[in-house]
Amino acid sequence: MKYFLVTLSFLFSSLLIGQTNQQIYDIIDAVSSERIKKNIQILANFGTRNTFSDTISETRGIGAARRWIKSEFETISKKCSHCLEVFYQKDFVTKAGNRRVPHDAWVVNVVAIQKGNKYPNRYIIMSGDIDSRASNTMDFTTDAPGANDNASGMAGTIETARVLSQYKFESSIVYVGLSGEEQGLFGGAGLAKYAKDKAWDIIGVLNNDMIGNIKGVDGVIDNRTFRIFSEPVPANETERQRKLRRFYGGEVDGISRQLARYIHKTVKTYMPEMNPMMVYRLDRFGRGGHHRPFNDLGFAGVRIMEAHENYTQQHQDIREENGIKYGDVIEHVNFNYTKKLTAVNGINLASLAWAPPAPKEVAIGGVVEPSAKFKWNKVDGAKGYKIYWRDTTSPTWDNSRYVGDVSEFTLNGIVIDNYFFGISAVGENGFESTVVFPNKVMR
Ligand SMILES: [Zn+2]
């Protein structure tokens, strides 16, 4: 009888895990490169989507573009019995005090929220950008199709909303088109502040900016590799936290970095044909993106992006010079690659939105002892916890042990000095939270 029960429960849990796997593969398969192509074409056809361009025309400028994006989200919502809450979130920016603002204007984001049924106030955010730019960022009339930068990210966000709207999640998912990226990350700053004011518990931001180019200016053609940029530690950490890090570690283990590792692992598991490349920096060298304003307020956020950029095809007026064709036109976008990176977002949003919250408090001990010890707070909805560790020089959580539904554990024979450690929560359905680096020391 006991054997029978053990076998039965084993069978049951493998069935559950089998089922979760299947949903993830279904999400990957449901992403359509045809729809992505169509949506990028429509966005590019608005002529320019410069944040300061025409807002009245039905066919040209950022006004027409955002109305179309909103109507796309609304159409998706109608097909899932109104599962999306769609609205504009906007802030006014003025020419005064802003070098790259040609005139006062509203910076308008289009937001679609799919509310979670268990943790409605926990949010995982996927963003793309509505806006585009010509060679001169102040020029709001010249054609700037921005097919890759960043109609690709915007089209991927709309497509992900369409695919995931067919499922129900425990946490909320936000799909958003942000504006004002090119002139100072205004839209991201606006939504980050909005989220903070509403006390959103943000799991993380997946900012997609340029997810369609496979032919690099370096001559490399690569439709498998993509980058995940993440800052090392929160930008708003306190001086005390900075000082403690010197003694207890964590220089490469901030919350955004854990999100990057989560994405890396999910992709390695479900899309083994792809090469996720974690880049240990906030963004490209000296350049910016819309995850940063969220990082500024202490939220986890990463940038997902192609591995090989082509600078003649971004931020350039359409023209030909010395045989080189400049301009961010649709001919350069690889829709199948955008589809893959869209699926990368879809499976990570789903995995996180189906997972329980991570423990908030994780304490570690074991100084001058042969074993590392842990204590953490239990979280609602977890069936158990997993302890992770890795060599201090490794970028990924290479070792793990599932320890069941307990709130403390000792890893016998594992010396605290020689590894970095972290803990995640695992749900009944097998989905897992991000890993939490210890934030307390037990003496
Ligand atoms: Zn750009």
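These notes cover the domain layout and two helix packings in a predicted model.

1. Domain layout. The domain assignment splits the protein into domain 1, residues 31–353, and domain 2, residues 362–442. Their C-alpha centres are 32 Å apart.

2. Contact between the domains. On the domain 1 side 12 residues take part, and they touch 10 residues of domain 2. Helix H8, residues 255–270, makes the largest contribution to the domain 1 side, with five residues. Sorted by class, that side of domain 1 consists of four nonpolar, five polar and three charged residues.

3. Annotated span. The UniProt record, an unreviewed entry, carries the annotation "domain: Peptidase M28" over residues 109–313. In the model, the C-alpha atoms at the two ends of residues 109–313 lie 25 Å apart. Helix makes up 32% of this span and strand 24%.

4. H2 against H4: geometry. Helix H2 spans residues 33–44, and its axis comes within 9 Å of the axis of H4. The two axes cross at roughly 130°, which makes H2 oblique to H4, because an angle has to be over 145 degrees to count as roughly antiparallel. The crossing of H2 with H4 is right-handed.

5. H2 against H4: residues. From H2, the contact uses Arg35, Ile36, Asn39, Ile40, Leu43 and Ala44. They meet Ala147, Ala151, Ser152, Met154, Ala155, Gly156, Ile158 and Glu159 in H4. The class count for this contact is nine nonpolar, three polar and two charged residues.

6. H4 against H10: geometry. Helix H4 covers residues 147–164 and helix H10 covers residues 335–353. Their axes come within 9 Å and cross at roughly 50°. H4 and H10 are therefore oblique to each other, and H4 passes H10 in a right-handed crossing.

7. H4 against H10: residues. H4 supplies Ser152, Ala155, Gly156, Glu159, Thr160, Val163 and Leu164. Facing them in H10 are Thr338, Leu341, Thr342, Asn345, Gly346, Leu349 and Ala350. By class, the contact of H4 with H10 has six nonpolar, seven polar and one charged residues.

8. H4 in both packings. Which residues of H4 serve both contacts? Ser152, Ala155, Gly156 and Glu159 meet residues of H2 and also meet residues of H10. Thr160, Val163 and Leu164 of H4 are listed in the contact with H10, while Ala147, Ala151, Met154 and Ile158 of H4 are listed in the contact with H2.

Key. Residues are numbered from 1 along each chain as its sequence is written. This is a predicted model: local features need pLDDT of at least 70, side-chain atom pairs count only at pLDDT 80 or more; totals for chains, interfaces and linings use all residues. Domain bounds come from an automatic or database domain assignment. Two residues are in contact if their C-beta atoms, placed from the backbone, lie within 7 Å. Helices (H or I, at least four residues) and strands (E, at least two) are DSSP runs, numbered from the N terminus. Ala, Val, Leu, Ile, Met, Phe, Trp, Tyr, Cys and Pro count as nonpolar, Asp, Glu, Lys and Arg as charged, and the others, Gly among them, as polar. Axes are lines fitted to C-alpha atoms, for helices over the stretch in contact, and angles run from 0 to 180 degrees between N-to-C directions. Angles under 35 degrees count as roughly parallel, over 145 as roughly antiparallel, 65 to 115 as roughly perpendicular and the rest as oblique. A crossing is left-handed if the near helix is turned anticlockwise from the far one by less than a right angle, and right-handed if clockwise. UniProt positions are given in the numbering used here, feature names are shortened, and annotations may be inferred rather than shown by experiment.
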